[in-house]
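Me: I'd like a close look at a single part of this model, plus whatever you can tell me about a few other spots. Plain bench language is fine.

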Amino acid sequence: MIAALAGGVGGAKLADGLARLLGDKLSVIVNTGDDFEHLGLAISPDLDTVTYTLAGIANPETGWGVAGESWNALDQVAKLGGPGWFRLGDKDIALHLVRSQRLRRGENLTAVTADICARLGIAARILPMTDDSVHTLVDTAEGPLAFQDYFVARRCEIPVTGFRFAGIADAKPSPAVVSVLNDRTLDAVMICPSNPFVSVDPILGLPGLRDLLVQRTCPLLAVSPIIGGTAVKGPAAKMMRELGLDVSATSVAGHYRGLIDGLVIDTADAGLAGTIEAMGIKTLVTPTLMKTAEDRTVLAQSCLDFAAALRR
Ligand code: FO1
């Protein structure tokens with residue numbers, strides 16, 4: 001049994017590699033700090049990205065949304081004076097409609113997600129980190145921005161000064177997440193190559209979650225989302241720079257220091273292994289860029305082998 005912590009596109013790719021190898025022996029715990037209500041619909045961007053990716057229907061160009069989309073509904077929304085900045089495709093809207101209706105009827109996000117995953121033929125368990133509301137706020141010189149306003153509407157252009165997760169103090173990890181992390185048969189926990197600040201920190205910041213990880217009896221490893229001084233996708237590198245950090249796998253190691261046993265870094269960063277090992281973190285140097293489906297399974301297998309070596 002393996003648990004993976006994931007956010008958006010990069011995390012979903014490794015989760016997909018793990019899912020191809022492990023099937024129902026994998027639980028993916030997903031960030032919901034990006035969730036928001038839009039056009040009256042409950043949108044869970046990271047859950048959607050992981051779900052579509054594991055279902056094999058993700059849009060290969062964007063990484064988010066559904067492959068082969070049409071945009072009739074959104075075009076009509078814009079024509080009627082509604083917001084067109086957040087791109088909801090016709091197929092994608094179906095998921096938001098079904099989820100929103102079921103949440104309104106009183107089901108929780110974990111149950112709704114499980115049913116949608118079953119209907120899409122996904123064997124792995126995809127678990128929202130919480131059934132409670134947590135909203136990531138990005139602090140900027142212009143004041144705090146809601147995450148999607150920062151990410152999509154403002155295209156991550158405005159420099160960040162920090163992050164907050166509104167509601168997190170009153171949120172709980174879902175019972176399913178607690179049960180996975182408490183499972184004594186768990187072989188490893190893996191932090192996918194997701195943005196440490198806005199994808200992984202909301203998960204780690206849930207009350208009690210870090211304690212569950214500290215009490216684990218299996219190795220905890222992370223995969224660096226920074227390769228050769230840059231992020232493969234998304235604003236992680238830009239955020240590091242704006243926060244005054246060195247843009248490197250070493251900073252990722254520093255971020256997770258005291259929590260992880262091992263860090264997987266790219267061959268481009270082989271020269272950093274010594275510094276990271278000196279922090280007390282075992283290091284695996286291997287290709288981490290996932291361009292093809294095979295890259296995903298190869299990296300997933302390397303992570304499983306690394307975890308097995310850390311167990312010994
Ligand atoms: N990301 C964008 O950059 N532009 C969009 O218009 C957009 C729409 C969208 C719709 C549904 C969904 O599930 C995700 C969507 N994303 C979009 C991705 C998403 O906002 C981000 O990737 C995550 O929040 C960051 O992990």
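Reply: What follows starts with strand β1 and then moves on to the ligand, some helices and a loop.

Quick housekeeping: this is a predicted model, where local features need pLDDT of at least 70, side-chain atom pairs count only at pLDDT 80 or more, and totals for chains, interfaces and linings use all residues. Residues are numbered from 1 along each chain as its sequence is written, and side-chain values use heavy atoms, with hydrogens and water left out.

So, β1. Strand β1 spans residues 2–6, and five of its five residues are buried. Buried here means under 20% relative accessible area, exposed means over 50%, and partly exposed is in between (1.4 Å probe, protein chains only). Ile2, Ala4 and Ala6 point one way, while Ala3 and Leu5 point the other way. That fits the general rule that side chains in a regular strand alternate between the two faces of the sheet. Strands are DSSP runs of E with at least two residues, helices are runs of H or I with at least four, and both are numbered from the N terminus.

Now its partners. β1 runs parallel to β2 (residues 26–30), joined by five bridges; strands count as paired if DSSP finds at least two bridges between them. Ala4 has Val28 as its bridge partner in β2. To get from β1 to β2, the chain passes through helix α1 (residues 9–22), making a right-handed β-α-β crossover. Right-handed means that, with the strands pointing away from you, the path from the first strand over the helix to the second runs clockwise. β1 also pairs with β9 (residues 188–191), again in the parallel sense, over four bridges, and there Ile2 stands opposite Ala188.

On to the ligand. It has 15 residues around it, and the closest are Asp34, Asp46, Asp48, Arg87 and Gln148; a residue makes that list if one of its heavy atoms lies within 4 Å. A polar side-chain atom of Asp48 is 2.9 Å from a ligand oxygen, and a polar backbone atom of Arg87 is 2.8 Å from a ligand oxygen. Trp64 brings a side-chain N or O atom to 3.3 Å from a ligand nitrogen. The protein covers 90% of the 530 Å² of accessible area that the ligand has on its own, with areas from the Shrake-Rupley method and a 1.4 Å probe.

Asp46 and Asp48 also turn up in helix α2, where both are buried. That helix (residues 45–55) is largely enclosed by the rest of the structure, because 10 of its 11 residues are buried. Right after α2 comes Gly56, with a positive phi near 75°.

Two non-glycine residues have positive phi as well: Arg155, near 50°, and Cys156, about 60°. Most residues other than glycine have a negative phi. Both places are in the loop between α6 and β8, for Arg155 and for Cys156. Arg155 is exposed at 64% relative accessible area, whereas Cys156 is buried at 9%.

Last stop, α13 (residues 293–311): its 19 residues reach 27 Å from first C-alpha to last, close to the expected 27 Å, which is 1.5 Å times one less than the residue count. Among its buried residues are Leu304 and Phe306, while Asp305 is partly exposed at 45%.

Conventions:
A polar contact is a pair of N or O atoms within 3.5 Å; within protein, one must be able to donate a hydrogen and the other to accept it, and residues adjacent in sequence count only if both atoms are side-chain atoms.
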